[in-house]
Protein chains: 2
Amino acid sequence: MTMSSQQAAPGSTASRDRLRRLFTPRSVAIVGASDRSSWSHRIRGALLSIGYEGEVFFVNPRGGTAHGATAYRSVSEIGQVPDLVYVMTSAEASLAAIAEAARLGTRSAIILSSGFAETGPEGLLAQQRLAEVAREHDMAVLGPNTLGFANPARRVVLMPMQPGDELEPGAIGVVSQSGNMAVQVMSMARSFDVGLSLLASTGNELNVTATDVLDYLVADDATRVIAVFLEAVTDPAAFRAACLRARQAGKPVVALKVGRSEAAARAALAHTGALVGDDAIISAVLAASGVIRVDSMEDLLTTADTFVRSGPIGGRNLAVVTISGGGCDLAADRADALGLHYPPLGEATMARLRELLPAYATPQNPLDATGAAVADAPLFGAAIAAVADDPAVDVTVAIGEIEHHAPDSAWGLDSVTAMTAAARQAPRPVIFTNTTIHTISAGARAVRHELGVPSVFGGMDRVLAAVAKIADWSAAPVSPAVQTHPPASVSPAGPVSPTGETPPWPGPAGSPGLPARAGTWSEADARRLLERAGVPVVPAVLTGSPEEAAAAATQFGTPVAVKIVSPDIVHKTDAGGVALNRDGREDVIAAARQVLAAAQRQNPAPRVDGILVSPMRPEGPDVHDLLVGVVRDPDWGPVLAVAMGGIWTEVLADVSRVALPCDRTAIESAVRALRGAPVLLGARGTPGVNLERVVDAIAAVADLAVRLSEDLVAIEVNPLRVTTDGAEALDVTVQWR
Amino acid sequence: MTMSSQQAAPGSTASRDRLRRLFTPRSVAIVGASDRSSWSHRIRGALLSIGYEGEVFFVNPRGGTAHGATAYRSVSEIGQVPDLVYVMTSAEASLAAIAEAARLGTRSAIILSSGFAETGPEGLLAQQRLAEVAREHDMAVLGPNTLGFANPARRVVLMPMQPGDELEPGAIGVVSQSGNMAVQVMSMARSFDVGLSLLASTGNELNVTATDVLDYLVADDATRVIAVFLEAVTDPAAFRAACLRARQAGKPVVALKVGRSEAAARAALAHTGALVGDDAIISAVLAASGVIRVDSMEDLLTTADTFVRSGPIGGRNLAVVTISGGGCDLAADRADALGLHYPPLGEATMARLRELLPAYATPQNPLDATGAAVADAPLFGAAIAAVADDPAVDVTVAIGEIEHHAPDSAWGLDSVTAMTAAARQAPRPVIFTNTTIHTISAGARAVRHELGVPSVFGGMDRVLAAVAKIADWSAAPVSPAVQTHPPASVSPAGPVSPTGETPPWPGPAGSPGLPARAGTWSEADARRLLERAGVPVVPAVLTGSPEEAAAAATQFGTPVAVKIVSPDIVHKTDAGGVALNRDGREDVIAAARQVLAAAQRQNPAPRVDGILVSPMRPEGPDVHDLLVGVVRDPDWGPVLAVAMGGIWTEVLADVSRVALPCDRTAIESAVRALRGAPVLLGARGTPGVNLERVVDAIAAVADLAVRLSEDLVAIEVNPLRVTTDGAEALDVTVQWR
């Protein structure tokens with residue numbers, strides 16, 4: 001739970017200073033230190049291994065000694081104020097120790113102890129008391145129920161570690177809401193020689209949230225890319241804003257957000273006591289915030305590691321250089337599955353390769369430089385240089401067991417040196433990876449570090465996936481204007497207000513001519529709201545009797561749809577309140593009577609606003625239906641859904657989602673991303689629908705949703721009829737809380 | 001290239017004896033041994049490390065010593081006949097050494113040397129000479145252009161290794177057509193403590209193919225699962241038969257077959273000189289052969305390793321036990337994406353868990369046994385036992401860092417012992433895996449081996465994918481009847497022959513009433529062939545003039561389709577040779593003239609067989625079109641494709657493929673596997689098509705294709721009109737070589 005009312009907001013200097021104090025303490029007191037506690041041993045061992053240069057005090061109420069040094073009975077007894085207290089006692093004792101340290105002036109704490117909000121009502125109460133203390137003394141508390149953090153770049157590790165768990169400093173900042181997933185990152189980083197700038201687990205997030213840490217990492221010089229494991233985001237707006245700051249700083253946020261499945265939502269509920277939001281909404285919001293979403297811990301770390309080595313990647317045109325035909329084939333298949341392309345190499349490149357390679361090698365992309373590159377040390381580097389220089393190539397991936405072979409094989413140091421030099425001099429990114437994932441020797445680690453080899457752990461399977469994701473991230477606009485400016489789809493004059501007011505619009509409550517904002521509006525009211533917002537809506541006349549309906553029908557000159565308009569009948573099609581394709585006076589009168597009778601079957605005395613008569617629109621090969629809806633999530637805000645109508649929605653679940661606000665480009669992309677898009681855009685040589693007007697209509701719906709108050713639950717246009725001429729809403733629904 | 005005309009076929013005792021000799025030599029001569037050759041050092045080192053107990057001779061034409069022992073000038077000079085020669089000299093010298101050894105009576109050889117078929121015409125010639133020698137002396141030759149093999153189960157390694165590359169004996173037999181991919185398996189196996197029964201790379205496959213090795217592993221007692229890396233299969237029928245023998249032996253074949261992409265096909269061409277078949281056909285054939293197909297080397301080894309620990313898995317109902325909420329969430333999401341299900345636990349299980357777990361833990365599936373399981377050693381084992389006993393659970397996966405923590409942590413040996421005992425006593429499979437992939441310490445390896453911990457390398461991301469694939473494999477029928485019996489869809493009386501002959505049918509060449517089997521038949525001939533095979537075909541009359549066409553049209557009582565029938569016009573729709581929906585005498589005459597004129601535009605003097613007149617069939621909500629086709633691949637045999645017609649085929653590429661012959665169940669599954677299947681089967685409460693008759697019609701097409709000779713290129717029914725009543729072919733094509 002965030003204490004946002006009291007503490008500095010993420011993005012502020014105060015907030016970042018608060019976390020800088022937390023992550024770089026000059027002195028630490030370990031409360032609960034004991035020779036008999038393995039946690040105590042591991043924390044102390046971690047500080048020793050990393051070479052922590054600050055002061056360390058041990059506190060234990062029984063006094064005596066711990067780890068061969070004095071154990072103070074309390075923090076007060078130390079005689080000076082530690083920058084940070086690390087508390088590993090029972091929940092109750094922890095609360096007392098924190099209160100004591102806070103009174104003394106300690107501004108940072110880590111609480112390993114569990115027994116707080118995650119255990120039930122009693123623990124929640126304890127956590128609330130803790131929060132009060134922290135707020136009173138402006139103390140930053142990581143946890144409770146956290147492992148702590150590792151800050152290898154600044155030589156502070158306050159996280160239990162085992163011997164051999166030493167971390168290398170690097171450029172990946174990691175924040176995890178799960179302690180176990182922080183341990184996983186540590187294990188992988190150690191196994192595969194990945195450097196970290198910071199690794200923090202936030203536990204119950206008393207007053208240091210994952211968003212706070214993420215924002216700190218945006219400003220942290222040592223960090224070039226941010227990896228996040230999320231269970232539940234407590235303040236989505238702040239999270240989204242922090243992600244956009246990262247985007248503006250050129251630092252990708254790579255996120256693994258669990259809770260895609262119902263089962264996961266249930267597990268997270270038990271674990272964190274926080275609700276996991278609807279996954280589709282979160283996906284849309286993450287996409288709109290420039291976040292790279294991944295599905296596994298391995299992909300989380302590999303994607304971040306790849307970015308550290310590659311930086312931004314200018315496109316999906318890939319070159320691969322291997323020394324194995326099998327590796328070449330695998331790289332080809334994998335890239336194909338990921339939508340990466342192998343551009344043909346230019347003539348200049350081909351000439352360079354023909355000169356370099358043995359006669360039986362085939363100069364092409366992907367390139368098998370053959371076993372000759374094993375015998376001839378500089379050959380592999382020269383082949384990489386030739387390919388990476390090709391202007392058609394956005395990124396070059398050299399695949400081979402560099403680390404494994406570097407220290408002592410024929411294909412040794414010379415070769416790795418040549419490869420590294422080629423990468424350094426290349427005009428566009430060059431990265432190296434093993435063919436598959438496996439461990440590297442201590443000697444190979446030393447060579448990697450000494451030469452600064454741009455090699456990425458994980459094996460080509462995951463590294464090529466990372467390349468594809470980074471290329472997408474690099475291509476996305478750096479600063480979506482929608483976060484700070486009005487949506488680009490709004491005309492300069494602003495939309496027409498339903499009440500004739502000038503924007504900001506509409507006002508806080510119901511407006512003249514429209515009912516109060518509650519429940520589900522009648523179609524007639526919903527139509528008016530959308531019409532006034534500039535959404536093209538099919539013409540209609542609200543009539544007071546079957547006779548009036550018949551008279552209205554004649555003016556359209558086509559068959560008509562006849563619908564009941566009643567606040568008591570929400571699902572009017574299911575209730576029999578809609579009659580389609582009626583033609584001629586008698587038929588329309590019969591239809592009107594039929595829908596009235598249907599209303600009465602639902603409710604003997606229904607409130608009837610009238611009978612809505614509108615023209616039927618012709619069907620045809622270039623006439624299609626979309627479903628356009630906006631749902632406002634109480635936490636994550638409004639999300640637009642665009643779906644192919646009819647069978648496409650039902651059978652194929654063919655839906656694109658975009659977090660709002662967004663610009664026209666995002667809406668057009670959403671339409672184009674539909675699997676059925678070729679049908680809309682003109683399959684089989686047909687002309688296709690008028691995409692510009694379709695986007696206009698969808699943008700008008702989206703803008704309306706953004707401008708409406710938070711009382712909105714949903715707007716739905718179903719169908720939005722789209723044709724070669726344009727778009728027209730045939731039926732609309734507006735729902736309020 | 002296989003020498004199948006001369007040597008024992010895979011599956012025979014002779015073939016298996018031949019490979020047993022190759023893989024278990026009692027004496028080895030290394031030709032080209034030298035202190036200056038790193039290959040020589042590595043081969044000798046590998047033999048030393050594994051503790052090879054046979055005799056090793058070094059051969060070098062310069063004599064002297066190698067590796068501190070006598071270097072013989074030739075194999076003859078040794079004075080006894082080695083069981084196997086390992087040759088690493090130039091191509092020419094290799095040929096001479098092989099010939100000499102073969103004359104002396106050596107029956108097995110490995111040729112590391114390259115410079116054969118993979119380098120061009122000259123190398124191919126050398127390889128052919130090698131093949132002659134081998135054939136003459138019945139010598140099994142692994143390679144040339146191979147690294148060799150490792151047989152840790154029998155303590156023979158004839159593959160260049162680095163210090164530290166020692167392999168553990170185990171139950172996974174691996175065969176790779178790529179040497180580099182064999183090295184990858186070795187690296188992963190070594191890094192993650194995976195045991196192998198055999199690892200062989202087949203190189204240029206002079207006379208030992210991947211299929212030969214696969215078949216040997218089917219009979220090898222040490223092998224429980226077979227992993228295969230394939231570039232191009234030289235004898236698909238033999239490969240398929242070997243896979244089916246593996247299936248019958250209860251040993252899964254897990255295959256990574258490269259060449260999915262066009263780019264990969266090009267790369268493989270350069271690499272092996274062999275064509276990579278069309279990937280969709282291969283997928284269908286692999287599926288029909290009971291092969292588990294994977295997309296990465298990591299998945300290849302993890303899937304095999306999982307099977308070694310799990311054995312067959314009875315279904316997709318999964319239980320997961322972790323000690324971390326984050327791990328639980330991840331496992332839930334991953335299983336959901338893989339189509340694995342978490343059944344609710346039964347009341348008895350819930351009661352056991354409530355007793356075991358702390359109050360704040362939630363008994364559910366997936367289960368977070370919480371950090372309490374870290375402090376309380378037997379708790380985790382007891383939780384696993386409780387869950388694994390639940391009758392709703394087909395397989396239990398315990399996720400935690402077992403190996404990493406076993407030797408020296410609080411959650412140590414007691415806990416691992418309890419977990420292992422729980423797994424051993426469980427009524428259904430229980431496996432363990434790390435949360436993510438990372439290395440394990442030497443101490444943890446020792447514990448794994450000592451206790452026989454059923455832990456699988458790779459991390460849950462890949463292990464859960466393996467579980468899903470193994471569950472599918474376990475559910476598939478063990479011995480597809482189609483391989484040895486006539487297809488089940490053929491009626492006992494057999495199909496009606498187009499010539500009135502009794503089956504086997506049809507005869508080797510053209511039959512009376514039908515033209516010779518060459519080129520593309522006219523629609524009229526194709527219709528007759530399919531009609532006689534029992535495929536329901538729309539009625540039609542072949543007429544000789546526009547007047548006759550009009551007369552024929554009247555008999556149908558509906559609008560008609562009018563089509564030109566001419567051997568000179570293959571794509572008659574494109575050529576304007578088809579007129580649809582014509583009604584009334586004048587209209588039909590005009591249509592017939594129009595299609596004749598179109599034929600003349602294509603060819604001033606076209607051969608015209610007539611004008612085909614057939615009734616138009618009505619469209620409607622429960623009327624759909626399928627495309628049903630059979631393509632006969634020259635190597636892999638006939639493959640049936642079933643696709644949703646129209647927009648579904650074009651936009652969505654909604655196609656199912658089945659290798660033939662197959663039974664009705666497979667055809668029905670293919671229809672149900674279409675994304676558009678809900679439309680056929682009755683979406684939105686409509687009745688759906690008559691599936692039984694649809695399957696009948698498709699089976700009739702499939703049976704016909706199987707029974708036709710190898711001259712067939714393709715049969716296509718497009719569309720097969722399917723309705724609530726049945727199925728009817730509206731247009732058909734038959735093409736011959």
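The exchange below asks what supports several descriptions of chain B in this predicted model.

Residues are numbered from 1 along each chain as its sequence is written, and chains are lettered from A in the order in which they are written. In this predicted model, local features need pLDDT of at least 70 and side-chain atom pairs count only at pLDDT 80 or more, while totals for chains, interfaces and linings use all residues, and side-chain values use heavy atoms, with hydrogens and water left out.

Me: How do you know that the span of helix α16 of chain B agrees with its number of residues?

Reply: Helices are DSSP runs of H or I with at least four residues, and strands are runs of E with at least two. The expected span is 1.5 Å times one less than the number of residues, so the 13 residues of α16(B), 413–425, should span 18 Å, and the end C-alpha atoms are indeed 18 Å apart.

Me: What puts the buried residues of α16(B) on the same side?

Reply: Buried means under 20% relative accessible area and exposed over 50%, with partly exposed in between (1.4 Å probe, protein chains only). B:S415, B:V416, B:M419, B:T420, B:A422 and B:A423 are buried; they cover an arc of only 160° around the axis, which puts them on the same side of α16(B), the arc being that of the directions from the helix axis to the C-beta atoms. The face turned away from that side carries the exposed residues B:D414, B:R424 and B:Q425.

Me: Why is strand β21 of chain B called largely enclosed?

Reply: 6 of the 6 residues of β21(B), 560–565, are buried, so the strand is largely enclosed by the rest of the structure. Burial holds on both faces, with B:V560, B:V562 and B:I564 on one side and B:A561, B:K563 and B:V565 on the other.

Me: What makes β22 (residues 578–582) of chain B a partner of β21(B)?

Reply: Two strands pair if DSSP finds at least two bridges between them, and β21(B) and β22(B) have 3, in the antiparallel sense. By the bridge count β23(B), residues 610–615, qualifies too, since 6 bridges join β21(B) to it, also antiparallel.

Me: Why are helices α3 and α4 of chain B called roughly parallel?

Reply: Angles under 35 degrees count as roughly parallel, over 145 as roughly antiparallel, 65 to 115 as roughly perpendicular and the rest as oblique. The axes of α3(B), residues 91–104, and α4(B), residues 121–137, come within 10 Å and cross at roughly 5°, and the two helices are therefore roughly parallel to each other.

Note on methods
Axes fitted to C-alpha atoms, helices over the stretch in contact; angles between N-to-C directions.
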